[in-house]
Protein chains: 2
Amino acid sequence: MNWQELFIGHVTAGDCLQLMRDIPDSSIDAIVTDPPYGINYQSHKRTASPMFDRLQNDDNDSRFETYAQFNRLLKDNSVAVCFCSFKNYAYDYIELIKYFDIKNTIIWHKGGGGIGDLKHSLVTDYEMAIVAHKGNCPIRGKREGSVWEVGKVFAGDMVHPTEKPTGIIMRILEQFTDRDALVLDPYLGSGTTAVACEKTGRRWIGMEIDEQYARIAQEQIAREVAQGKLFV
Amino acid sequence: MNWQELFIGHVTAGDCLQLMRDIPDSSIDAIVTDPPYGINYQSHKRTASPMFDRLQNDDNDSRFETYAQFNRLLKDNSVAVCFCSFKNYAYDYIELIKYFDIKNTIIWHKGGGGIGDLKHSLVTDYEMAIVAHKGNCPIRGKREGSVWEVGKVFAGDMVHPTEKPTGIIMRILEQFTDRDALVLDPYLGSGTTAVACEKTGRRWIGMEIDEQYARIAQEQIAREVAQGKLFV
DNA sequence: ACTACGGTTGAATCCTGAA
DNA sequence: GTTCAGGATTCAACCGTAG
């Protein structure tokens, strides 16, 4: 079985750093991912029984090792888009700039209230996404601004503690990839990147270290595919 | 003449790194500044006769040396707010985090078009402002988000190539300082910080290495003070 | 009060040629 | 080889005016 049959269109449970070894050089059209931020995040901290456990590999900076692989996997003139917070941005930027040309940082203005230090800090109601170019990846849509207003996923609908809305991933895919492009997300989580690929006609490879989330991702994708087929 | 008589309410022309030596420890309530980004920026490059010359000290990273002094000058429980671009942010953050607790990064969404790499990059229509705390500086206004929509200064009204709107500086002052606070801007430029202080009842110290801009700043402040008095 | 239209501009980047 | 300076590029958002 070759790597394409093995990976494309499947959620593979496992450590992405190991799995990526089985993908040859210059074979991926884009990487879109939301790695663990290395902050050992515990969602719903105030709640007696938090809805989600802590994330695997969120207590270290192992994402930097994978960034070093991104350059090898990507084709020329393509991008890696990596989400991060304003507290991580500096470290992710300095790691990515070793291998890539960073042409933009998208500000995802998600709005809504916010927790944190109520007396001494403003609400951090945005996240950032570094657009790291290998070569010169052209934008496909019209040239737009870098501050994107997209509402966050309603907490009651969340199946993953750091879930991104499908819409913002679709917008990234439509700006930086063509139809049928092969998109990798090594930190798939609940499968948003794969769902966004299905919705926009891209092929995808998903990796997720947590078997429980890998299963949830598969369910989410299956649901999307089923829904999609209803309308064919 | 003591340092207060020397500096407060005056624009001092000179190198801030030298001038700051004459200000004692823990005597400043806030620093709000927009340092040269180290990019040797030339505004209106397409124009036959650009309106502004290049900025002094914009061809190096001397701002980092001044950041090291900020901690000494600030009182406990106060902030330094430093503007930067998404390309500088990582380096400014890593410098400031040595001395400060960074609790927020404000996104100034300024809107407008944008030049640059039209085919491969989105429009960068925002700048960032790092809010670096010495201790715990309380917010004074209501707790708001971090993405601030403020229009930029109309090009025809600009007296400095990287001029910030007075409104955004006022908003920073009102969030992080009390009335009568003493505010330092070591890179005063055309005097926006001082004007914002006058408008909001803060005392100020302004330093500017370029004598021409120091003079322009004085004019801008004088105009504001005169206008203010008309309405008393 | 609104919309429509024309003119202006941008903390840029690419490319080329000179030094 | 490398660095630096100057010219060309290009479009969405904004302002000001007119209707």
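How many nonpolar, polar and charged residues make up the surface near DNA strand D? The tour of this predicted model begins there.

**Stop 1: DNA strand D**

Select DNA strand D together with Arg143(A), Arg46(B), Gly112(B), Gly113(B), Leu118(B) and Phe154(B), the residues that surround the strand. By class, this surface divides into 2 nonpolar, 2 polar and 2 charged residues. Next, colour the strand atoms within 4 Å of the protein: 60% of them belong to sugar or phosphate, and the rest belong to bases. For a polar contact, display the backbone of Gly112(B), where a polar atom is 3.3 Å from a sugar or linking oxygen of DNA strand D.

**Stop 2: DNA strand C**

Move to DNA strand C, which 22 residues surround. To start, select the closest of them: Asp34(B), Tyr41(B), Arg46(B), Gly114(B) and Gly116(B). Arg46(B) was also part of the selection around DNA strand D. Of the atoms of DNA strand C that come within 4 Å of the protein, sugar and phosphate account for 45%. The surrounding surface comprises 7 nonpolar, 5 polar and 10 charged residues.

Three polar contacts may be displayed in turn:

- Asp34(B): a polar side-chain atom lies 2.8 Å from a base nitrogen of DNA strand C.
- Gly116(B): a backbone N or O atom lies 2.8 Å from a base nitrogen of DNA strand C.
- Lys103(A): a polar side-chain atom lies 3.4 Å from a phosphate oxygen of DNA strand C.

**Stop 3: H4(A) against H4(B)**

Hide the DNA and select residues 89–96 of chain B, which form helix H4 of that chain, along with H4(A). Their axes come within 8 Å and cross at roughly 130°. H4(A) and H4(B) are therefore oblique to each other, and H4(A) passes H4(B) in a left-handed crossing. Show side chains for Tyr89(A), Ala90(A), Tyr91(A), Tyr93(A) and Ile94(A), which meet Tyr89(B), Ala90(B), Tyr91(B), Tyr93(B) and Ile94(B). Which classes are represented in the contact of H4(A) with H4(B)? The contact has 10 nonpolar residues, with no polar and no charged ones.

**Stop 4: H3(A) against H4(A)**

Keep H4(A), residues 89–96 of chain A, and add helix H3, residues 63–73 of chain A. The two helices pack at an angle of about 30°, with their axes 10 Å apart, and their crossing is right-handed. On H3(A), select Arg63(A), Phe64(A) and Tyr67(A); these meet Tyr91(A), Asp92(A), Glu95(A) and Leu96(A) of H4(A). The contact of H3(A) with H4(A) comprises 4 nonpolar, no polar and 3 charged residues. Tyr91(A) is thus worth keeping in view, being listed here and among the residues of H4(A) that meet H4(B).

**Stop 5: H5(B) against H6(B)**

Finally, select residues 166–176 of chain B, helix H5, and residues 192–200 of chain B, helix H6. The axes come within 9 Å and cross at roughly 60°. H5(B) and H6(B) are therefore oblique to each other, and H5(B) passes H6(B) in a right-handed crossing. From H5(B), the contact is made by Thr166(B), Ile169(B), Met170(B), Leu173(B) and Glu174(B). From H6(B), display Thr192(B), Thr193(B), Val195(B), Ala196(B), Cys197(B), Lys199(B) and Thr200(B), which complete the contact. Colouring this selection by class gives 6 nonpolar, 4 polar and 2 charged residues.

Notes
Residues are numbered from 1 along each chain as its sequence is written. Chains are lettered from A and ligands numbered from 1 in the order in which they are written. This is a predicted model: local features need pLDDT of at least 70, side-chain atom pairs count only at pLDDT 80 or more; totals for chains, interfaces and linings use all residues. Side-chain values use heavy atoms; hydrogens and water are left out. Axes are lines fitted to C-alpha atoms, for helices over the stretch in contact, and angles run from 0 to 180 degrees between N-to-C directions. Helices (H or I, at least four residues) and strands (E, at least two) are DSSP runs, numbered from the N terminus. Angles under 35 degrees count as roughly parallel, over 145 as roughly antiparallel, 65 to 115 as roughly perpendicular and the rest as oblique. A crossing is left-handed if the near helix is turned anticlockwise from the far one by less than a right angle, and right-handed if clockwise. Contact means heavy atoms within 4.5 Å. Ala, Val, Leu, Ile, Met, Phe, Trp, Tyr, Cys and Pro count as nonpolar, Asp, Glu, Lys and Arg as charged, and the others, Gly among them, as polar. A residue is near a molecule or strand if one of its heavy atoms lies within 4 Å of it. A polar contact is a pair of N or O atoms within 3.5 Å; within protein, one must be able to donate a hydrogen and the other to accept it, and residues adjacent in sequence count only if both atoms are side-chain atoms.
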